[in-house]
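Hi,

Here's the structure I promised to pass on. Have a look at it first, and then read on for what turned up when I went through it.

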Amino acid sequence: MDKEDTNMERRLLVGGFGGQGVMVIGQLMCYTACETTDLEVTFFPSYGGEQRGGTANCFVTIADAPIGAPVADFMDDIIVLNDPSLTKFQSMVKAGGNLFINSSIVSVEPTRTDIKIIKVPANAIADELGNSKVANLVMAGAYIGYTELLPAEKVLATAFKKLGAKRPQLNPLNEAAFNRGMEIGKAAKA
């Protein structure tokens with residue numbers, strides 16, 4: 001079989017505290033892939049003892065062929081929103097993979113040298129935009145800007161549909177946060 005005949009499969013883990021929008025990041029990727037492409041998707045959430053303030057993470061797999069398992073030992077990409085997630089999950093990034101760090105909160109330095117590290121001051125940007133709750137959209141934007149896994153305009157449209165349905169007045173803020181993250185992701189790629 002030629003390399004060109006191999007299937008595309010991308011595995012993402014998002015980790016942080018409950019209330020940081022960990023699941024929202026994963027769901028945005030899943031809903032976008034599911035509703036706007038013909039790709040296969042799995043979403044596997046995991047919560048700690050309490051949802052808000054406890055640990056939370058989710059596994060997302062997006063592929064162009066059926067997916068064998070929703071969770072894997074090694075991930076292509078990991079997004080960490082807090083110190084415990086960096087400590088716990090950095091070893092799961094496969095060599096040559098990507099580690100996206102919310103540098104506004106994560107104070108621990110990664111120990112890996114065989115991966116690409118993309119630092120995103122998500123909370124600082126969210127605070128600058130006037131709402132700390134959009135830090136997750138900054139991270140989602142950075143992820144899409146760097147990986148180009150899904151079309152940015154489709155991810156943003158999904159955010160409007162899923163997050164803006166009840167509060168459409170927040171769409172401009174969500175878009176600004178996502179776009180700021182995109183700029184960081186694209187710049188890290190250059």
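The largest pocket comes out at about 740 Å³. Of the 30 residues lining that pocket, Gly-19, Gly-21, Val-24, Lys-133 and Asn-136 are the closest to its centre. Bear in mind that this is a predicted model.

Which helices help to build the lining of the largest pocket, with at least two residues each? They are α1 (22–36), α4 (135–147) and α6 (171–189). As for the chemistry, the lining splits into 15 nonpolar residues, 12 polar ones and three charged ones.

Staying with helix α1 for a moment, you'll find Thr-32 there. Is Thr-32 buried or exposed? Its relative accessibility is 0%, so Thr-32 counts as buried; the cut-off for buried is under 20%. If you skip the neighbours within four places in sequence, Thr-32 is in contact with Thr-37, Leu-150, Lys-154, Val-155 and Thr-158.

Next, the strands. Take β5 (residues 93–102): seven of its 10 residues are buried, so this strand is largely enclosed by the rest of the structure. On one side of the pairing list is β4 (residues 75–80), which runs parallel to β5 with five bridges between the two. If you want a spot to click on, Ile-79 sits opposite Phe-100 in β5. To get from β4 to β5 the chain goes through α2, and that β-α-β crossover is right-handed.

Strand β5 also pairs with β6 (residues 116–120), again in the parallel sense and by way of five bridges. Here you can pick out Asn-98, whose bridge partner in β6 is Lys-116. One general point for when you look at the side chains: in a regular strand they alternate between the two faces of the sheet.

Finally, back to α2, the helix of that crossover. The helix covers residues 83–89, and Asp-83 belongs to it. What does Asp-83 touch once its neighbours within four places in sequence are left aside? The answer is a run of residues further along the chain: Ile-105, Val-106, Ser-107 and Val-108. Thr-147, by contrast, is 64 residues from Asp-83 in sequence, and their C-alpha atoms are 23 Å apart in space.

That's what I have so far. Shout if anything is unclear when you open the file.

Cheers

Note on methods. Residues are numbered from 1 along each chain as its sequence is written. This is a predicted model: local features need pLDDT of at least 70, side-chain atom pairs count only at pLDDT 80 or more; totals for chains, interfaces and linings use all residues. Side-chain values use heavy atoms; hydrogens and water are left out. Helices (H or I, at least four residues) and strands (E, at least two) are DSSP runs, numbered from the N terminus. Contact means heavy atoms within 4.5 Å. On a 1 Å grid over the protein atoms alone, a cavity is a set of points where a 1.4 Å probe fits but cannot get out, and a pocket is an open set with protein on both sides within 12 Å along at least five of seven lines; lining residues have an atom within 4 Å of a point. Grid points are joined across faces, edges and corners, and a volume is the space filled by probe spheres set on the points. Ala, Val, Leu, Ile, Met, Phe, Trp, Tyr, Cys and Pro count as nonpolar, Asp, Glu, Lys and Arg as charged, and the others, Gly among them, as polar. Buried means under 20% relative accessible area, exposed over 50%, partly exposed in between (1.4 Å probe, protein chains only). Two strands pair if DSSP finds at least two bridges between them. A crossover is right-handed if, with the strands pointing away from the viewer, the path from the first strand over the helix to the second runs clockwise.
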